[in-house]
Amino acid sequence: MTDGAMTINILLGDFSVSAQDADITVKSSDGFLFNLHSHNLGTNTGAFPGPEIGAQGEAVLLTEPANVLEIVFQFIYPRRHPKLDDLDFVILMEVTEACEKYEVYSAMNMCEVRLNAFISEHAAEIFVHAVKHGYPELIDKTAILVCRFPVLNFVKTLPSYAVIPWLEYQQAWRKIFDDAKIYLEDLLCGSYCHQYDACADPDAQVYSDGRPICSQCRLSLLVWLQNLAEIEDITSLKDAVAAPNLVIYSYGPLGRWCKNCSNTCAIYLPEVKSILETRMTEIIPFTRFLYPTDRAPSAR
């Protein structure tokens, strides 16, 4: 039954799916009909033909629109497949999800390759897709870009098995700031630089109870760490660590700075930066949290 719907023949170069010898009719969500061949569907997909296909000669209603199905069905025939280069991100994602849903294996790798071109602008959407369908390389490429995003951005969209690993991965990123704060808290801090003359000079004798840091330096570095912790974009975070933008905060009525502070907190800043940079390089890829043993999906 066609109900007066428009029929679309899939064009493959100079080859067209002929309605005369097709034995399956598929209807898109927006009412277009596709006349296809059950042999090609059965050979080149994992989800077709199902038990509902071709029942009583009626068209099989799918949930995707015609502009998506027209692309997907080109991959079930033994002809040169489309490269998908001219698809915008929205259509590409719809095609990709349809190929995963109907297990059109010949299209899956092509879709994955094309998604790489959109990572910088659509990392979050691609990350969720890659986790759902098990693309480890795509997962790690996007996870590092969204690792600083608010946790609620993904808890509701990730598969349940990925939520705990994602929380652990984000906690690993938060811990880099905790380690730097612990380092600063372990230093001795005098009130308004009156107890100690200055931050410890690397060449000077260290006090018996530890290395001193003046209040200005410690406050400045703690505020800097707090500002870093609020940065969501990983590239911006790394840039901010590499080129610190510090403000020296003054304590006391005289607003004194210690002799070693200057405007760069020169004594302790390199050590704090080193902690941050080292900890960032030590964080393992998200797939190691997601697949802690050797359970990562094999290459498609």
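These exercises, each with a worked solution, concern the predicted model shown above. Residues are numbered from 1 along each chain as its sequence is written, and side-chain values use heavy atoms, with hydrogens and water left out. Local features need pLDDT of at least 70 and side-chain atom pairs count only at pLDDT 80 or more, while totals for chains, interfaces and linings use all residues.

**Exercise 1. Survey the protein chain.**
State how many helices and strands the protein chain has, and what share of its residues count as buried.

*Solution.*
- Step 1. The secondary structure comes to 12 helices and eight strands. Helices (H or I, at least four residues) and strands (E, at least two) are DSSP runs, numbered from the N terminus.
- Step 2. Of the 300 residues, 43% count as buried. Buried means under 20% relative accessible area, exposed over 50%, partly exposed in between (1.4 Å probe, protein chains only).
- Step 3. Take contacts between residues at least 6 apart in sequence: 67% of them join residues at least 24 apart. Contact means heavy atoms within 4.5 Å.

**Exercise 2. Describe the ring pair of Tyr169 and Phe286.**
Classify the pair, then place both residues.

*Solution.*
- Step 1. The whole structure holds 12 aromatic pairs. Rings of Phe, Tyr and Trp (its six-membered ring) pair if their centres lie within 6.5 Å; planes under 30 degrees apart count as stacked, over 60 as edge-to-face and the rest as tilted.
- Step 2. The centres of Tyr169 and Phe286 are 5.3 Å apart and the planes stand at 55°, so the pair is tilted.
- Step 3. Tyr169 sits in helix H8 (residues 160-185) and Phe286 in helix H12 (residues 286-290), 117 residues apart. The pair thus links distant parts of the chain.
- Step 4. Both Tyr169 and Phe286 are buried.
- Step 5. Tyr169 and Phe286 belong to one aromatic cluster with Phe127, Phe149, Phe154, Trp166 and Phe289.

**Exercise 3. Find the centre of the largest nonpolar core.**
Which residues have the most contacts inside this core, and which helix gives the most to it?

*Solution.*
- Step 1. A nonpolar core is a set of buried Ala, Val, Leu, Ile, Met, Phe, Trp, Tyr and Cys residues joined through side-chain atoms within 4.5 Å.
- Step 2. The largest has 82 residues, and Phe127 and Phe286 have the most contacts inside it.
- Step 3. H8 gives the most, with nine residues.
- Step 4. Beyond its neighbours within four places in sequence, Phe286 contacts residues including Phe127, Val131, Trp166 and Tyr169.

**Exercise 4. Decide how H11 faces the protein.**
Give the buried residues of H11 and what covers them.

*Solution.*
- Step 1. H11 (residues 269-282) has 14 residues and reaches 20 Å from its first C-alpha to its last, close to the 20 Å expected at 1.5 Å a residue. The expected span is 1.5 Å times one less than the number of residues.
- Step 2. Leu269, Val272, Lys273, Ile275, Leu276 and Met280 are its buried residues.
- Step 3. They cover an arc of only 155° around the axis, which puts them on the same side of H11. The arc is that of the directions from the helix axis to the C-beta atoms.
- Step 4. Their cover includes H8, helix H9 (215-229) and helix H10 (234-242).

**Exercise 5. Compare Leu84 and Glu103.**
Where does each residue lie, and is each buried or partly exposed?

*Solution.*
- Step 1. Most residues other than glycine have a negative phi.
- Step 2. Phi is positive at Leu84, near 70°, and at Glu103, near 55°.
- Step 3. Leu84 is in the loop between helix H2 (66-72) and helix H3 (89-101). Glu103 is in the loop between H3 and helix H4 (105-115).
- Step 4. Leu84 is buried, at 4% relative accessible area, whereas Glu103 is partly exposed, at 29%.
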